Amino acid sequence: MENGTIKRIAVNTGGGDAPGLNAVIKAVTMSAIQRGWEVYGIRDGYNGVFLPAQYPNGDGVIRLTQEIVKDITAMGGTILGTTNRGNPLKFPMKTANGTVVEVDRSDEIVEGLKRYNIDAVVAIGGDGSLTMANEFHKKGVRIVGVPKTIDNDLSGTDTTFGFDTAVSFATECIDRLHYTAKSHKRIMVVEVMGRYAGWIALNSGVSGSADVILIPEIPYDIKKVADFLNGTFTEEKDYAIVVVAEGAFPRDGGYAVIEKEAGKSERLGGAADKVVEQLSHLVKKEARTAILGHLLRGGSPTTFDRLLSLRFGAAAVRALEEGQSGVMVAHKVPNMTYIPIEEAIGKLKTVNPDGETIRTGRELGICFGD
Ligand code: F6P
């Protein structure tokens with residue numbers, strides 16, 4: 001599958017959904033059709049070819065046409081479905097004695113792709129999906145990755161689509177929470193997604209005029225947060241906004257984890273509740289949480305994310321046409337370029353605690369809990 005003329009490609013979306021996935025699918029489909037290629041969409045990550053029995057007539061693959069993709073640029077989610085469970089490289093299998101072990105079932109996917117005569121794949125996803133793409137490349141599959149994540153934590157690319165939409169919506173929510181916090185003279189503690197990186201919290205918190213921003217890159221001291229908050233309350237300003245990344249943790253503690261199972265990535269949650277619980281002993285004001293969670297992933301992509309997604313999709317097809325494989329489309333402002341997938345995976349892009357946005361926040365009087 002690695003060499004030769006392309007007649008038929010497949011595209012899939014893996015991991016958490018992100019605004020802009022459909023725009024990438026559209027650009028891939030249209031660019032490929034223009035080159036005379038047929039385009040197929042694999043449903044739910046690789047499940048469409050991996051676990052076909054789950055689908056009507058054992059067929060988890062959809063033919064993508066101009067008509068199907070015509071109006072999807074502005075749509076949130078993914079028309080192909082996705083999954084962040086059951087990684088085929090570490091597929092959870094129950095043994096005879098009831099224990100769960102992780103098994104590599106990637107060969108079944110390579111076989112599945114052959115069954116459909118797929119010559120090349122565009123894999124849209126984050127760190128996990130790109131790690132899989134790299135394994136398939138090593139097994140001879142012609143494959144190009146497109147970086148997706150609302151968390152902005154992928155290395156090797158300046159931007160990932162979905163992040164701008166998530167930050168814009170988080171900022172809007174923080175703006176709204178200012179009014180209700182002010183009316184009730186409360187502290188509103190807003191939890192945003194981002195996994196082990198604080199990009200969403202930082203960018204929305206600074207833009208939304210938060211008093212305190214807590215991110216994983218700067219473990220916080222709750223006493224310092226409380227002292228800071230107590231010092232900001234005046235007759236005129238008797239409320240506060242605290243933005244907490246889901247991965248934020250206290251200096252003397254760890255991540256707030258809600259789920260950890262074999263074959264599944266750790267689920268974070270509860271960081272804001274932890275902050276409220278700790279503050280309740282140190283601050284006289286009432287503190288309430290607002291968890292934005294999956295709201296940040298839904299909705300229509302911003303103009304920035306739409307254009308970025310369309311550019312990523314078209315660039316992925318160009319890469320396949322050029323005969324590239326095992327690469328990820330990377331946005332190195334202002335250009336789209338290609339880097340080996342290997343360079344993007346395994347190391348997260350996190351916030352530099354001495355970086356310019358943090359410095360700007362500090363100069364605006366924001367407390368980072370340190
Ligand atoms: O990686 C994207 C992300 O939205 C993270 O910010 C979050 O921790 C995770 O996915 C949540 O995933 P799930 O859909 O499993 O709740």
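Tutor: Helices are DSSP runs of H or I with at least four residues, strands are runs of E with at least two, and both are numbered from the N terminus. The model is predicted.

Student: In which loop is the place of N57?

Tutor: N57 is not a glycine, yet its phi is positive, near 60 degrees. The elements that flank N57 are a helix, residues 47-50, and a strand, residues 61-64. The place of N57 is thus named by these two: the loop between α2 and β3.

Student: Where is P334 found?

Tutor: The peptide bond that leads from V333 into P334 is cis. Its omega is near 5 degrees. Strand 327-332 and strand 335-340 bracket the proline, and P334 is found in the loop between β14 and β15.

Student: Which residue ranges make up domain 2?

Tutor: The protein chain is divided into two domains. Domain 1 takes 8-161 + 301-333. Domain 2 takes 163-297 + 352-363.

Student: How many residues of domain 2 are in contact with domain 1?

Tutor: The centres of the two domains, taken over C-alpha atoms, are 32 Å apart. Contact means heavy atoms within 4.5 Å. By that test, domain 1 supplies 23 residues. Domain 2 supplies 19.

Student: About how much area do domain 1 and domain 2 bury between them, and which residues of domain 1 lose the most?

Tutor: The buried area is about 1,700 Å², with 50% of it on carbon and sulfur atoms. On the domain 1 side, three residues together account for 39% of what that side buries. Those that lose the most are R85, I150 and D151.

Student: How many salt bridges, and how many residue pairs in polar contact, are there between domain 1 and domain 2?

Tutor: The salt bridge count between domain 1 and domain 2 is two. For residue pairs in polar contact, both at pLDDT 80 or more, the count is seven.

Student: Which elements each supply at least two residues of the side of domain 1 that touches domain 2?

Tutor: That side holds eight nonpolar, eight polar and seven charged residues. A strand, 100-103, and a helix, 303-321, each supply at least two. They are β5 and α10.

Student: Which residue meets D17 in a salt bridge?

Tutor: The partner's side chain comes within 3.0 Å of D17, N to O. This partner is also among the residues around the ligand, as are N84, M193 and E246. It is R297.

Student: Which side chains have polar atoms 2.7 Å, 2.9 Å and 2.8 Å from an oxygen atom of the ligand?

Tutor: At 2.7 Å stands D151. R267 follows at 2.9 Å. At 2.8 Å, an N or O side-chain atom belongs to H294.

Student: Why does the salt bridge of E38 and R8 tie together separate parts, and how many residues apart in sequence are they?

Tutor: The structure holds 16 salt bridges. In this one, the side chains of E38 and R8 meet at 3.0 Å, N to O. E38 lies in β2 and R8 in β1, so the pair ties together parts whose separation in sequence is 30 residues.

Definitions and conventions. Residues numbered from 1 in each chain as written. Predicted model: local features only at pLDDT ≥ 70, side-chain atom pairs only at ≥ 80, totals over all residues. Heavy atoms only, no water. Domains from an automatic or database assignment. Buried area = accessible area lost by both parts, 1.4 Å probe. Salt bridge = Lys/Arg side-chain N within 4 Å of Asp/Glu carboxyl O. Polar contact = N/O pair within 3.5 Å; in protein donor to acceptor, adjacent residues only side chain to side chain. Nonpolar A, V, L, I, M, F, W, Y, C, P; charged D, E, K, R; others polar. Near = heavy atom within 4 Å.
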